[in-house]
There are 2 protein chains.
Amino acid sequence: MHRLTVCYGRPQDPAAFDAHYRDVHRPLAEKIPGLQSVRLGACEGIPAPDGTSTEAPYYLVAELEFADAATLAAALSSPEGAAAAGDLENFATGGVSLFVQRDLV
Amino acid sequence: MHRLTVCYGRPQDPAAFDAHYRDVHRPLAEKIPGLQSVRLGACEGIPAPDGTSTEAPYYLVAELEFADAATLAAALSSPEGAAAAGDLENFATGGVSLFVQRDLV
């Protein structure tokens with residue numbers, strides 16, 4: 001399994017980010033050919049025993065799963081992949097960092 | 001589900017890192033109370049149509065799953081959690097960034 005991991009920095013307007021992600025970006029991403037599943041995580045800092053926590057380096061992390069490296073590469077170069085990538089500038093005001101994870105057993 | 005995400009930067013000696021991770025660190029981490037599963041991903045850059053790829057920001061990403069926030073916090077403050085955290089300096093020569101992901105549905 002190959003995962004495209006998309007790490008979003010904290011946006012200027014989290015409520016607007018959330019609405020755009022839900023109503024526009026996620027539907028665009030779900031059209032990407034070969035996409036098997038999406039997993040979303042809200043980022044938090046590391047909790048300490050005294051109740052404080054570190055600052056979270058990201059706001060949201062999305063993991064998009066594909067069967068293998070070739071399927072992921074084809075997805076990224078598809079029109080649907082380009083549409084989703086092109087939409088990032090419309091809402092990812094806190095920046096975005098992307099990388100691939102190849103599952104290790 | 002709450003995930004502790006551990007992002008390792010590229011180490012000075014990847015072979016030594018891999019051996020320490022497999023033989024020392026992973027066994028330490030697997031003793032952490034409340035840990036339900038571990039998922040490991042080898043990081044790669046984003047592939048481009050011309051066969052090149054971006055540079056991967058990390059070398060290895062480990063995701064440790066716990067049932068909820070309280071279980072994760074207890075795990076981090078346990079002796080086993082402290083032992084695993086204390087071992088990081090023994091092999092994570094490329095640095096390490098930790099954060100928590102709270103699963104969104």
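The following conversation goes through a predicted model of two chains and asks what supports each of its labels.

Biologist: How do you know that chain A and chain B are related by a rotation axis, and of what kind is that axis?

Modeller: Chain A can be laid on chain B with an RMSD of 0.0 Å by a turn of 180°, and the shift along the axis is 0.0 Å. The two copies are therefore related as by a two-fold rotation axis. The contact residues agree with this picture, since 100% of those of chain A recur in chain B, and the same surface thus serves both copies.

Biologist: What makes up the contact between chain A and chain B, and how many residues does each chain give?

Modeller: Chain A gives 33 residues and chain B gives 33 residues, and the area buried between them is about 2,700 Å², with carbon and sulfur atoms giving 55% of it. Across this interface there are 13 residue pairs in polar contact, both residues being at pLDDT 80 or more. On the side of chain A that touches chain B, the elements giving two or more residues are β1 (2-8), β2, β3 (60-66), α2 (69-76) and β4 (96-104). Of these, β4(A) gives the most, with eight residues. By class, that side of chain A has 19 nonpolar, six polar and eight charged residues.

Biologist: Why is the pair Glu44(A) and Arg102(B) called a salt bridge?

Modeller: The closest N and O atoms of Glu44(A) and Arg102(B) are 2.8 Å apart, and the rule asks for a side-chain nitrogen of Lys or Arg within 4 Å of a carboxyl oxygen of Asp or Glu, so the pair qualifies. Glu44(A) lies in strand β2 (residues 37-44) of chain A and Arg102(B) in strand β4 (residues 96-104) of chain B, so this salt bridge joins two chains.

Biologist: What makes Glu44(A) and Arg102(B) partly exposed?

Modeller: Glu44(A) has a relative accessible area of 25% and Arg102(B) one of 36%; buried would need a value under 20% and exposed one over 50%, so both residues fall in between.

Biologist: How many salt bridges are there between the chains, and how many over all chains?

Modeller: The count between chain A and chain B is eight, while over all chains it comes to 16. One that joins the two chains is the pair of Arg39(A) and Asp103(B), at 3.0 Å from N to O. Arg39(A) and Asp103(B) also belong to a network of salt bridges, whose members include Arg3(A), Glu63(A), Arg3(B) and Glu63(B). Within chain A, Arg26(A) forms a salt bridge with Glu30(A), the closest N and O atoms being 2.8 Å apart, and in chain B the side chains of Arg26(B) and Glu30(B) meet at 2.8 Å.

Biologist: Why is Glu63(A) called buried?

Modeller: The relative accessibility of Glu63(A) is 2%, so Glu63(A) counts as buried, the cut-off being under 20%. Glu63(A) has its place in strand β3 of chain A. Among the residues that Glu63(A) touches are Arg3(A), Arg39(A) and Gln101(A), together with Arg3(B) and Glu63(B).

Biologist: What makes Glu63(A) and Gln101(A) a polar contact?

Modeller: The side chains of Glu63(A) and Gln101(A) are joined at 3.2 Å, and the rule takes a pair of N or O atoms within 3.5 Å, one able to donate a hydrogen and the other to accept it, so the pair is counted as a polar contact.

Conventions. Residues are numbered from 1 along each chain as its sequence is written. Chains are lettered from A and ligands numbered from 1 in the order in which they are written. This is a predicted model: local features need pLDDT of at least 70, side-chain atom pairs count only at pLDDT 80 or more; totals for chains, interfaces and linings use all residues. Side-chain values use heavy atoms; hydrogens and water are left out. Copies are superposed by least squares on the C-alpha atoms of residues with pLDDT of at least 70 in both. Contact means heavy atoms within 4.5 Å. Helices (H or I, at least four residues) and strands (E, at least two) are DSSP runs, numbered from the N terminus. Buried means under 20% relative accessible area, exposed over 50%, partly exposed in between (1.4 Å probe, protein chains only). Buried area is the accessible area (1.4 Å probe) that two parts lose on being put together, summed over both. Ala, Val, Leu, Ile, Met, Phe, Trp, Tyr, Cys and Pro count as nonpolar, Asp, Glu, Lys and Arg as charged, and the others, Gly among them, as polar. Lists of a residue's contacts leave out its neighbours within four places in sequence.
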